Amino acid sequence: MKMHLAELNVARLIADKDDPKVQDFMDGLDLVNGLAKRMPGFVWMMESSAAPKPGQDEVMIDGDPRFLPNLSVWEDVESLEKFVWGTIHKKFYERRPEWFEALDQIHFVMWWVPIGHEPSLDEALAKLKHLDAHGDSETAFGWAWLKEARMHETHRCTTA
């Protein structure tokens, strides 16, 4: 059975969304998300609380508007990897320390989903907890667990 790749990345802003400290990030969010949606292999993205638009703040973790979950689904590893490490997204990733707190727990997870499935934030957070508790497995994993993932080793930044 063919599956798609889901990913969750959780970050917590160092300041409120309207604070000048995070303005560059907030100003670039539509650009990066728009690019993701136009990438070959993109399937679906949860509309995030990061967007400063009315009605978007319902997507929060523990009621904290500074937590920004990014949840998306991709056709395959290569498509997600190209977006993350081979586009302007990498520049934003490299600047993470300027905008986000260093979290003391795992904040990124991937897992396989049936074609057509749009995971909920609760499902994604459960995958994140599973990865934290059990390490990489068929249930939840990081980049290193994926044999077909290559770009994370050669393109990742050294600052995060």
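Does Arg-66 count as buried or exposed, and at what relative accessibility? At 19% relative accessibility, Arg-66 counts as buried, because the cut-off for buried is under 20% relative accessible area. Keep in mind that this is a predicted model. The protein chain has 160 residues, and buried ones make up 48% of them. Here's a quick tour, from the overall layout down to single residues.

**Overall layout**

- You're looking at six helices and four strands in the protein chain.
- Starting at the N terminus, the order of elements is β-α-β-β-α-α-α-β-α-α.
- If you take the contacts with a separation of 6 or more, 75% of them are between residues 24 or more positions apart.
- The accessible surface of the chain adds up to about 8600 Å², and carbon and sulfur atoms own 52% of that.

**Strands around β3**

- Strand β3 covers residues 67-74, and seven of its eight residues are buried, so call it mostly covered.
- β3 runs antiparallel to strand β1 (residues 3-12), with eight bridges joining the two.
- One pair to click on is Ala-11 with its bridge partner in β3, Leu-68.
- β3 also pairs with strand β2 (residues 42-45), again in the antiparallel sense, this time over three bridges.
- For that pairing, look at Phe-42, which stands opposite Trp-74 in β3.

**His-4 in strand β1**

- His-4 sits in strand β1.
- With a relative accessible area of 9%, His-4 is buried.
- Leaving aside neighbours within four places in sequence, the contacts of His-4 include the tryptophans Trp-74, Trp-111 and Trp-112.
- Val-43, Val-73, Glu-75, Val-113, Ile-115 and Gly-116 are also among the residues in contact with His-4, with that same sequence filter applied.

**Salt bridges**

- A search of the whole structure turns up seven salt bridges.
- Arg-12 and Glu-101 form one of them, with the closest N and O atoms 2.5 Å apart.
- Arg-12 lies in strand β1 and Glu-101 in the loop between α4 (96-99) and β4 (108-114), so this pair ties together parts that are 89 residues apart in sequence.
- The two ends of that pair have their own exposure classes: Arg-12 counts as buried at 15% relative accessibility, whereas Glu-101 is partly exposed at 29%.
- Glu-101 also forms a salt bridge with Arg-66, where the closest N and O atoms are 3.2 Å apart.
- That second pair links distant parts of the chain, 35 residues apart: Glu-101 is in the loop between α4 and β4, and Arg-66 in the loop between β2 and β3.
- Add Asp-64 and you get a network of salt bridges linking Arg-12, Asp-64, Arg-66 and Glu-101.
- Elsewhere, Lys-37 forms a salt bridge with Glu-47, and the closest N and O atoms there are 3.0 Å apart.
- Lys-37 belongs to helix α1 (residues 23-38) and Glu-47 to the loop between β2 and β3, so to speak two distant parts of the chain, ten residues apart.
- Both ends of this bridge come out as partly exposed: Lys-37 at 39% relative accessibility and Glu-47 with a relative accessible area of 43%.

**Leu-131 in helix α5**

- Leu-131 is found in helix α5, which spans residues 121-134.
- Its relative accessible area is 6%, which means Leu-131 is buried.
- Not counting residues up to four places away in sequence, Leu-131 touches Ile-106, Phe-108, Val-109, Asp-136, Ala-140, Phe-141 and Gly-142.
- For one of these, Gly-142, the C-alpha to C-alpha distance from Leu-131 is 8.3 Å, and the two are eleven residues apart in sequence.

**The second largest pocket**

- The second largest pocket has a volume of about 250 Å³.
- Helix α5 supplies the largest share of the lining, at four residues.
- Among the lining residues are Leu-125, Leu-128, Lys-129 and Asp-132.
- The lining also includes Val-10, Ile-61, Asp-62 and Phe-67, along with Leu-103, Gln-105, Ile-106 and His-107.
- Ile-106 is worth a click, since this pocket-lining residue is also one of the residues that Leu-131 touches.

Key. Residues are numbered from 1 along each chain as its sequence is written. This is a predicted model: local features need pLDDT of at least 70, side-chain atom pairs count only at pLDDT 80 or more; totals for chains, interfaces and linings use all residues. Side-chain values use heavy atoms; hydrogens and water are left out. Buried means under 20% relative accessible area, exposed over 50%, partly exposed in between (1.4 Å probe, protein chains only). Two strands pair if DSSP finds at least two bridges between them. Contact means heavy atoms within 4.5 Å. A salt bridge is a side-chain nitrogen of Lys or Arg within 4 Å of a carboxyl oxygen of Asp or Glu. Accessible areas come from the Shrake-Rupley method with a 1.4 Å probe; for residues, only the protein chains shown count as cover. On a 1 Å grid over the protein atoms alone, a cavity is a set of points where a 1.4 Å probe fits but cannot get out, and a pocket is an open set with protein on both sides within 12 Å along at least five of seven lines; lining residues have an atom within 4 Å of a point. Grid points are joined across faces, edges and corners, and a volume is the space filled by probe spheres set on the points.
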